[in-house]
Amino acid sequence: MIAALKGFVESTQDGACVLDVNGVGYLVSCSRKTLDRLTAKDGIQKLLVETRVSQDAITLYGFLDATEREAFRALNEVKTVGPQKALLVLSGLAPDQLASAIAAKERKRLAEVKGLGAATANRIIDEPAMQKWAVGRATPEADGTGAAAPTPLPETPEADAVSALLNLGLKRPEAERAVARAKASLGEGAGLNALITTALRESVR
């Protein structure tokens, strides 16, 4: 599983960029906000990556920080949202703004995200997992409209192992339990590959 990439932005297109990593070009789908930040500076850049595997494709989704990646993961827990709609949401609202809208149940604000629609916006706001994600992130802004305090999550092998199991079709509680058992079995300092392999064995017990 690819968890991160570091290289030069070779080109961008609608909803994606090509990241040149030692001469290999990786096509990475990103939110509009991430693409804007990527093109605002030159040189080597790092993208956190969420890898999704389907029957006919391996798709990479890129993020400049762990906060956006965690919002993407949370959105993908909502039925019928999926990766592309999650990127639409994050193109229109930064993670702190999204948390604020969900916590305050600002349905109109979310529905106004280009390409999303009222039905999907309502589904996101009504999803208990999204409400849980937003709790603790939304704090009042000075202008009273509300915002979320960004709380970047640590990038750990355990978090990446959970992400890998989610990509393979496990539910989050099941994935988290399997990774916890794997970590207990392997001990501190276990690498990502070992965690994933052991967690997969634990998940079928």
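Here are some questions and answers on a predicted model, with residues numbered from 1 along each chain as its sequence is written. Local features need pLDDT of at least 70 and side-chain atom pairs count only at pLDDT 80 or more, while totals for chains, interfaces and linings use all residues; side-chain values use heavy atoms, with hydrogens and water left out.

Q: What does the protein chain average in pLDDT?
A: pLDDT is the predictor's confidence in each residue, from 0 to 100. In this chain, 88% of the residues score at least 70. Over residues 139-153, though, the pLDDT is below 50, and where pLDDT is low, the predicted coordinates should not be read in detail. The chain average is 84.

Q: How many bridges pair β2 with strand β3?
A: Strands (E, at least two residues) and helices (H or I, at least four) are DSSP runs, numbered from the N terminus, and two strands pair if DSSP finds at least two bridges between them. β2 also runs antiparallel to β1 (residues 4-13), joined by five bridges. With β3 (residues 24-29), β2 pairs in the antiparallel sense, and D20 stands opposite G25 there. The count for β2 and β3 is six bridges.

Q: Is strand β2 largely enclosed or open, and how many of its residues are buried?
A: Buried means under 20% relative accessible area, exposed over 50%, and partly exposed in between (1.4 Å probe, protein chains only). β2 covers residues 16-21, and it is largely enclosed by the rest of the structure because the buried residues number five of the six.

Q: Which residue between β2 and β3 takes a positive phi?
A: Most residues other than glycine have a negative phi. The hairpin of β2 and β3 has two residues between the strands. The one in question isn't a glycine, its phi is near 55°, and at 80% relative accessibility it counts as exposed. That's N22.

Q: Where does K105 lie?
A: K105 also has a positive phi, near 55°, in a residue other than glycine. K105 is partly exposed, with a relative accessible area of 43%. Its place is the loop between α4 and α5 (107-111).

Q: Is C30 buried or exposed?
A: C30 sits in the loop between β3 and α1 (32-39). Leaving aside neighbours within four places in sequence, its contacts (heavy atoms within 4.5 Å) include G15, A16, C17 and L87. The C-alpha atoms of C30 and L87 are 6.7 Å apart, though 57 residues separate them along the chain. With a relative accessible area of 3%, C30 is buried.

Q: Which residues touch the most other members of the largest nonpolar core?
A: A nonpolar core is a set of buried Ala, Val, Leu, Ile, Met, Phe, Trp, Tyr and Cys residues joined through side-chain atoms within 4.5 Å. This one has 25 residues, and elements giving at least two each include α2 (66-75), α4 (95-103) and α7 (128-134). Those touching the most other members are L75, L98, I102, L110, I124, M130 and W133.

Q: Which element gives the largest share of the lining of the largest cavity?
A: On a 1 Å grid over the protein atoms alone, a cavity is a set of points where a 1.4 Å probe fits but cannot get out, and lining residues have an atom within 4 Å of a point. The largest holds about 60 Å³, where grid points are joined across faces, edges and corners and a volume is the space filled by probe spheres set on the points. Twelve residues line it, with I2, A3, V49, D160 and S163 closest to its centre. The largest share, four residues, comes from α8.

Conventions:
1 Å grid on protein atoms, 1.4 Å probe; cavity = no way out; pocket = protein on both sides within 12 Å on 5 of 7 lines; lining within 4 Å.
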